[in-house]
Amino acid sequence: MTTILITGGAGFIGSNFTRYILQKYPDYKAVVYDKLTYAGNLDNLKDVAQAYPDRYAFIHGDICDAEKVEETIKAYGVELLVNFAAESHVDRSLFEPGSFIQTDIFGTYVLLEAARKLGVSRMVQVSTDEVYGSIEKGSFKESDPLNPSSPYSASKAGGDLMCLAYYKTWGVPVMITRGSNTFGPYQYPEKVIPLFITNAIDNQPLPLYGDGMNVRDWLYVLDHCEAIDLVLHEGKPGEIYNVGAGNELTNLELTRLILKILRKPESLIRFVEDRPGHDRRYSLDCTKIKALGWQPRHKFEEALEETVRWYVENQWWWRKIKSGQYMEFYRKQYEKRLATGKPFNS
Ligand code: NAD
Ligand code: DAU
């Protein structure tokens, strides 16, 4: 048995990755280590715990807790480590940057130090295209300079640099993936796709920031998982790999598609006050990971339809989330904006 430690595995991409790894590798044991912040949710792994009682374990812990991280690596004989643990929402990083700095930089350092001391065989740091900042034309290569705009992306950039330092200084076998905007089942409904799908199901307004012309490159979560798997097994230590599927859409185009799939009216769209420091466009050159053998296998529109269907059929999952603490965040983030928002005239 090979043991893989999946930090942040109770979140969106991490839980999809855990399910994917256990299905693909019958001789792997997955240990999910997660703090269960507002975004961590054991409901995301309910089916996994049932399907793989002998090959799955959950540890409730913080990646900033060095003692607990080391204890877990030793107790389970961890060989592979994939770090998904992060504060991940740009808008929240504008309210409380401290927790982003703590988890995304300091937490990454704690994992690297444990990997160095205890000799983890290979580690992947799951990073983001946001570390490059915005690009008007063309696409970023892995060798381009970092130019993050938000406390979130600056913290992720700090984590990336720490990984490179640990590789260069001590040879810690760490690879970095920089993925683009990811979507699919189990994504916390603060991110634009699940937020807009669930609001539209309830006939609530969809708050589109600014002029709705910001561009994101959408990646289906299983394609992202396959890329991380490939880099974990075949990537070269110390290297960075961009991961994007080339599905560039303006936020307005994306919103109209979601409404069309749900057969809901465009009158639900509200143009609201923009996100401060809002990056205009992200775009990645993915030649390097394609040369390693990765291709996105899911067509964007089909994957979006599949995702919409998942939220329609799994209301037990998101209705529990969209209450209490979530509604407090929602009011703080959107109440004033929606009151002054403008409708869409198609
Ligand atoms: P998420 O917010 O859904 O999940 C993050 C998980 O990390 C949660 O389960 C949370 O409880 C856990 N966590 C947070 N702080 C922790 C800590 N201190 N110790 C242990 N666990 C902690 O995020 P996601 O969207 O699944 O993103 C996962 C990773 O992928 C992040 O590193 C993010 O930067 C990166 N990423 C995300 C996207 C995207 O579009 N969602 C794209 C590219 C890269
Ligand atoms: O690019 C990868 C990144 O994608 C990841 O590193 C982050 O973890 C992930 O959160 C995501 O960041 P974005 O800021 O791009 O995602 P978000 O879903 O918050 O927003 C997507 C676009 O939609 C962005 O241009 C802002 C816009 N938006 C978002 C929300 C929440 C709106 O117009 N209205 C909204 O209410």
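P97, F100, I101, D104, I105, T108, Y109, L112, E113 and R116 in helix α5 meet P151, Y152, S155, K156, G158, G159, M162, C163, Y166 and W170 in helix α6. By character, the residues of this contact of α5 with α6 divide into 12 nonpolar, four polar and four charged. The model in which these contacts appear is a predicted one.

The geometry of this helix pair can be described next. Helix α5 spans residues 97–118 and helix α6 spans residues 151–170; the two pack at an angle of about 15°, and their axes are 8 Å apart. Because angles under 35 degrees count as roughly parallel, α5 is roughly parallel to α6. The crossing in which α5 passes α6 is right-handed.

Two residues of α6 lead from this helix pair to the ligands. Y152 and K156, both on the α6 side of the contact with α5, are also listed among the closest residues to ligand 1. In total, 30 residues surround ligand 1, and the closest are I13, D34, S88, Y152 and K156. Several polar contacts can be followed here. A polar atom in the side chain of Y152 lies 2.6 Å from an oxygen atom of ligand 1. At I13 the backbone takes part: one of its N or O atoms is 2.8 Å from an oxygen atom of the ligand. The backbone of I63 also contributes, with a polar atom 2.9 Å from a nitrogen atom of ligand 1.

Ligand 2 is surrounded by 26 residues, of which the closest are D129, Y152, N181, R275 and Y334. Y152 thus appears among the closest residues to ligand 2 as well as among those closest to ligand 1. S88, one of the closest residues to ligand 1, has a polar backbone atom 2.8 Å from an oxygen atom of ligand 2. Side chains supply further polar contacts with this ligand. In T128, a polar side-chain atom lies 2.7 Å from an oxygen atom of ligand 2. In R216, an N or O atom of the side chain is 2.9 Å from an oxygen atom of ligand 2.

The remaining helix contacts involve helix α11. Helix α9, residues 251–262, packs with helix α11, residues 300–313, at an angle of about 60°, and their axes are 10 Å apart. That angle makes α9 oblique to α11, and the crossing of the two is right-handed. From α9, the residues L254, L257, I258, I261 and L262 make the contact, together with F300, E301, L304, E305, V308 and V312 of α11. The residues of this contact of α9 with α11 comprise nine nonpolar, no polar and two charged.

Helix α11 also meets helix α7, which covers residues 192–201; the axes of these helices come within 10 Å and cross at roughly 55°. The two helices are therefore oblique to each other, and α7 passes α11 in a right-handed crossing. On the α7 side the contact holds I193, P194, I197, T198 and I201, and on the α11 side L304, T307, V308, Y311 and V312. These residues of α7 and α11 divide into eight nonpolar, two polar and no charged. L304, V308 and V312 of α11 are thus found in the contact with α7 and also in the contact with α9.

Terms used
Residues are numbered from 1 along each chain as its sequence is written. Chains are lettered from A and ligands numbered from 1 in the order in which they are written. This is a predicted model: local features need pLDDT of at least 70, side-chain atom pairs count only at pLDDT 80 or more; totals for chains, interfaces and linings use all residues. Side-chain values use heavy atoms; hydrogens and water are left out. Axes are lines fitted to C-alpha atoms, for helices over the stretch in contact, and angles run from 0 to 180 degrees between N-to-C directions. Helices (H or I, at least four residues) and strands (E, at least two) are DSSP runs, numbered from the N terminus. Angles under 35 degrees count as roughly parallel, over 145 as roughly antiparallel, 65 to 115 as roughly perpendicular and the rest as oblique. A crossing is left-handed if the near helix is turned anticlockwise from the far one by less than a right angle, and right-handed if clockwise. Contact means heavy atoms within 4.5 Å. Ala, Val, Leu, Ile, Met, Phe, Trp, Tyr, Cys and Pro count as nonpolar, Asp, Glu, Lys and Arg as charged, and the others, Gly among them, as polar. A residue is near a molecule or strand if one of its heavy atoms lies within 4 Å of it. A polar contact is a pair of N or O atoms within 3.5 Å; within protein, one must be able to donate a hydrogen and the other to accept it, and residues adjacent in sequence count only if both atoms are side-chain atoms.
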